[in-house]
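The exercises below ask you to work through one protein model, with the sequence and the coordinates open beside the text. Try each task before reading its solution.

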Amino acid sequence: MWPYFGIHALLIVTVTLSQATATAWSEKDATTEDVYPPLWDLAPENLLDFPVKDNKIVINAWNYQERLGVYKNLLNSSAKYFTAFGSQNFGNILWGLPLQHGWQFRTGRLADPSNVSSCGYKDGDLLCISVRSWWSCMNYYLAIIPFLGAVEAGLFGQLQYEIEILPPEERRADFCYSVADCWSRIPKLMDEWKAYFEYLLSTEHRSVSPATSSSFKLDDALHLMWRAHVASIAYALPKFQDSLKYLSDPEANFGEDWANAVDFIAATHFSTDFQTINNFQAFLPQRMLIEGDVLPSISDFSPQQNRVLLSLRVLHKANQLTGGLLLKLWQEAMSTEAGRKIGRKLIEDFVSTQKFDPVGLYNDLKGLDLTEPSFLRKSSSNID
C-alpha cells in the first residue's frame, strides 16, 4: 500500500500538467517569442556583453535582463554537449531555469510584493528584480550560484576578467557575489553545481577519440543537475522563509508547495529541456495568487490550472503528514534507472485520465497509520 501512495501522490501533481501537452506544443512555433523567456533576444549572450569595470565583468543580478543573460551564457556555453538531443540547443537540460525565471517575470513574481517601491512594475522600473520577492531570492540560488559554479569548473574557459555580482540594496549578507566569496560561504552548494559542469567538460575530454564518443549520458547529467537544483532550494528555503510574509496566504502556500514538489520531480530525473518545460509551464498560474483565491475554484484559472495547484497542495500536505516518509518512499522507488524510467512513464501514461481525486487521496492518507514502517528505518539512511 505504501508504494501505491508514494507513486500516486506524485502522479496527482502531474496528471493535469500534460493534459494537452501534445497539442500545446503543436500550437506554438519554436520560432515565436512566447515560447522563450520575455526579452530573451535582448539578454547578453556573451560575458563581454556585460559591463567591464576595474578588470571585472560586473553583473547586476537584480536586473531581469542581466540575470537572464547569465542563463543565456550558460546555455550557449553548454550547447555543444546537447547536440544529439535536438536542434537549436532545445535539448539542453538547463532550459528549465531561464524558462522558469521568465514565467516569474511575466507573472509579476519578481516585483516588490511589499509595494514599498516601484521595483518590477510597469509604471516603475519594470526590469528591476526586488530583493523582497521570495521568488527572486530563491531564484538567485538557481541562477548566480550555478553560473559561478560553471565559472569555477571552467565552462567558459580561461576568463580574462574576474566576475563580480552587484549586491541588492537590502539583505546583502544573504547572498554571495564572486567565486571566492561563494566558496567561502557555501562551499557544498558550489561543489554541487561545479560537479555538474565538470561532468559536461569531462565528457568532452573523454570524447577525443571516436571510441569514446558516447561518454555523455543524459541520465548522469540529469542526476547531477537535479542534485544541485534540490540542494539550492534546500539551502535557500529556510533562509528566505521570512520573505513569505509579503505574499498572500494562497501565494505563499503555492511557493512552498512548488518547492516541495521539486524533490519528487527531481527523483525521476525528469527532463528539463525546452519543449518539455514549455509544455508544463502552460498550466502554471498566469498571475500571483491573492487573498480570496480558493482551490480548486479560482474563476480566472483554467480547470487544469486549478487542479495542478490543488495537487501541489495535497502532495505537500501528504508529505508533511507522513513526516517526509512519502518523499523517502518515492526516492527509494526512483533509486535505479529502471525505476526512474517507470516513474516517468507513469507520469506520461496517467496524464490522460481524470480519475485521480486529490482531496480524496489526502483524506485517505489522514486516516492511515503514518508511523514509518520498520523496513524503512533500516534503509532510509541509504537514500540520497
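**Exercise 1. Locate Ser133 in this predicted model, decide whether Ser133 is buried or exposed, and name which residues Ser133 is in contact with.**

Solution. Begin with the position along the chain: Ser133 lies in the loop that runs between α4 (96-106) and α5 (134-140). Next, take the relative accessible area, which is 1% for Ser133; since buried means under 20%, Ser133 counts as buried. Finally, once neighbours within four places in sequence are set aside, the contacts of Ser133 are Arg109, Leu110, Ala111 and Pro113.

**Exercise 2. Establish how many residues of α4 are buried, and state which residue just after α4 takes a positive phi.**

Solution. Going through the helix, one finds Gly96, Leu97, Pro98, Leu99, Gln100, His101, Gly102, Trp103, Gln104 and Phe105 buried. This amounts to ten of the eleven residues, and α4 is accordingly described as mostly covered. Moving on past the helix, Gly108 has a positive phi of about 80 degrees.

**Exercise 3. Work out the strand order of the sheet, the direction of each pairing, and which residues make up the covered face of β3.**

Solution. The three strands form an open sheet, ordered β1-β2-β3, with mixed pairing. The edges are β1 (52-53) and β3 (162-165), each of which pairs on one side only.

The mixed character can be followed pair by pair. Strand β2 (residues 56-59) is joined to β1 by two bridges, and these strands run antiparallel; here Val52 has Ile57 in β2 as its bridge partner. Between β2 and β3 there are four bridges, and the direction is parallel; Lys56 stands opposite Glu162 in β3.

As the last step, consider the two faces of β3: Ile163 and Ile165 form the covered one, whereas Glu162 and Glu164 form the uncovered one.

**Exercise 4. Describe how α12 is oriented with respect to α10 and α13, and which classes of residue make up each contact.**

Solution. Take α10 (residues 249-267) and α12 (residues 303-321) to begin with: their axes come within 8 Å and cross at roughly 70 degrees. Angles of 65 to 115 degrees count as roughly perpendicular, and α10 and α12 are therefore roughly perpendicular to each other. On the α10 side, the contact involves Asn253, Phe254, Glu256, Asp257, Trp258, Asn260, Ala261 and Phe264, which meet Leu309, Leu312, Arg313, Leu315, His316 and Asn319 of α12. Sorted by class, this contact has seven nonpolar, four polar and three charged residues.

Now turn to α13 (residues 325-333), whose axis comes within 6 Å of that of α12, with a crossing angle of roughly 100 degrees. This pair, too, is therefore roughly perpendicular. Leu315, Ala318 and Asn319 of α12 meet Leu325, Leu326 and Leu327 of α13, and the residues of this contact divide into five nonpolar, one polar and no charged.

**Exercise 5. Summarise the protein as a whole: how many helices and strands are there, and what share of the residues is buried?**

Solution. The secondary structure comes to 16 helices and three strands. Of the 384 residues, 56% are buried. The accessible surface comes to about 17200 Å², with 52% of that area belonging to carbon and sulfur atoms. As for contacts, among those between residues at least 6 apart in sequence, 74% join residues at least 24 apart.

Definitions and conventions
Residues numbered from 1 in each chain as written. Predicted model: local features only at pLDDT ≥ 70, side-chain atom pairs only at ≥ 80, totals over all residues. Heavy atoms only, no water. Axes fitted to C-alpha atoms, helices over the stretch in contact; angles between N-to-C directions. Parallel < 35°, antiparallel > 145°, perpendicular 65-115°, else oblique. Contact = heavy atoms within 4.5 Å. Nonpolar A, V, L, I, M, F, W, Y, C, P; charged D, E, K, R; others polar. Pairing = 2+ DSSP bridges. Buried < 20%, exposed > 50% of the residue type's maximum accessible area, 1.4 Å probe, protein only. Areas by Shrake-Rupley, 256 points an atom, 1.4 Å probe, with all protein chains shown as cover.
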